[in-house]
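Dear colleague,

I am handing over the structure we spoke about, and below it I have set out what was found in it. Please keep it open beside this message while you read.

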Amino acid sequence: MKEKFIELYSEHIKRPGAEKLLDYLETSDFFTAPASTRFHLSEQGGLVKHSINVYERLLSLCKYEESRNENFKMPETETIAIVGLLHDICKTNFYGVEMRNRKNEQGVWEKYPCYVVDDKLPYGHGEKSVYIISGFVKLSREEAIAIRWHMGYSDNDFKAGGYSVGNAFGKYPLAVLTHVADLMASSIDESE
Ligand SMILES: [Fe+2]
Ligand SMILES: [Fe+2]
């Protein structure tokens, strides 16, 4: 999965700073981190797998939209790669492992490792991904908004009564498609 990620990344993301951003990913836990503590792909390498799934889902959603909607402006592949592959970069250096106790099949207590949230940079979720990426490469407004609102109506801002996600979806089709791609990846591709 790591190899596939690097191949897609290097093939499609060429703007200034892209190599430094990839170096950053290499020095972080991006390629070993899980995608969640207990929901989808809660396993080593889950995050990189999920990122590829979202990229692939987003690419096919964009192609579908292009085929049926003449007003849809097909994004550059670089944009689809940046948004898909990096939307959850906020989950790097975000998880830790804790030992917990449970009874095994013989009824004997045993310790087992468990992923927990240990956020080293508490900056939110989509907004944190935009913040981290922007430290290396310049994002277009469309890319920044798609990444910022990829959680859709599960975003804390919406839950607290904010309207920005709906406004963003109305203005930026890529933001809608990114949210749908994320949902399809986590709920269909990665369901157990
Ligand atoms: Fe996310
Ligand atoms: Fe995601």
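**What was found**

His 125 counts as partly exposed, because its relative accessible area is 21% and the buried class is reserved for values under 20%. His 150, by contrast, counts as buried, because its relative accessibility is 0%. Please bear in mind throughout that this is a predicted model.

Both of these histidines belong to a metal site: the iron ion (ligand 1) has as its protein donors Asp 88 through OD, His 125 through NE2 and His 150 through NE2, which lie 2.1 to 2.2 Å from the ion. Along the sequence these donor residues follow the spacing D-x36-H-x24-H. The pair of histidines links distant parts of the chain, since His 125 sits in the loop between strand S2 (109–117) and helix H5 (126–134), while His 150 sits in the loop between helix H6 (141–148) and helix H7 (156–159), 25 residues apart.

Which residue bridges the iron ion (ligand 1) and the iron ion (ligand 2)? That residue is Asp 88, and the two ions lie 3.5 Å apart. The iron ion (ligand 2) is coordinated by Asp 88 (OD) together with His 50 (NE2), His 87 (NE2) and Asp 182 (OD), at 2.1 to 2.2 Å. The arrangement of these four donor atoms is irregular, because the angles they subtend around the iron ion (ligand 2) run from 84 to 177°, whereas a tetrahedral site would need all angles to lie between 85 and 135 degrees. In sequence, the donor residues of the iron ion (ligand 2) are spaced H-x36-H-D-x93-D. Two of them, His 87 and Asp 182, link distant parts of the chain, with His 87 in the loop between helix H4 (77–86) and strand S1 (95–103) and Asp 182 in helix H9 (residues 173–189), 95 residues apart. Both His 87 and Asp 182 are buried.

Helix H4 itself is mostly covered, as nine of its 10 residues are buried; among them are Glu 78, Thr 79 and Ile 80, and also Leu 85 and Leu 86. The elements that cover the buried residues of H4 include helix H1 (2–12), H2, helix H3 (46–68), H5, H6 and H9.

Strands S1 and S2 pair in the antiparallel sense over nine bridges, and Tyr 95 has Val 117 in S2 as its bridge partner. The two strands, S1 and S2, form a hairpin with five residues between them, and in the turn Gly 107 has a positive phi of about 80°.

Turning to the aromatic rings, the count comes to nine aromatic pairs. In one of them, Tyr 24 and Phe 136 form a tilted pair, at 5.3 Å centre to centre and with 35° between the planes. This pair also links distant parts of the chain, Tyr 24 being in helix H2 (residues 18–27) and Phe 136 in the loop between H5 and H6, 112 residues apart. Tyr 24 is partly exposed at a relative accessible area of 22%, and Phe 136 is partly exposed at 30%. Elsewhere, ring pairs link Phe 5, Tyr 9, Phe 30 and Phe 31 into a cluster.

Finally, there are charges over rings to look at: Arg 102 lies over the face of Tyr 112, at 4.1 Å from the ring centre, and the charged end of Arg 148 sits over the ring of Trp 149, 3.8 Å from its centre.

With best wishes

Note on methods: Residues are numbered from 1 along each chain as its sequence is written. Chains are lettered from A and ligands numbered from 1 in the order in which they are written. This is a predicted model: local features need pLDDT of at least 70, side-chain atom pairs count only at pLDDT 80 or more; totals for chains, interfaces and linings use all residues. Side-chain values use heavy atoms; hydrogens and water are left out. Donors are N, O and S atoms within 2.8 Å of the metal (3.2 Å for Na, K and Ca); water is not among the atoms, so sites may look incomplete. Four donors count as tetrahedral if all angles lie between 85 and 135 degrees; four count as square planar and six as octahedral if opposite donors are over 155 degrees apart and all others between 65 and 115; anything else is irregular. Helices (H or I, at least four residues) and strands (E, at least two) are DSSP runs, numbered from the N terminus. Buried means under 20% relative accessible area, exposed over 50%, partly exposed in between (1.4 Å probe, protein chains only). Rings of Phe, Tyr and Trp (its six-membered ring) pair if their centres lie within 6.5 Å; planes under 30 degrees apart count as stacked, over 60 as edge-to-face and the rest as tilted. A charge sits over a ring if NZ of Lys or CZ of Arg is within 6 Å of the ring centre and within 35 degrees of the ring normal. Contact means heavy atoms within 4.5 Å. Two strands pair if DSSP finds at least two bridges between them.
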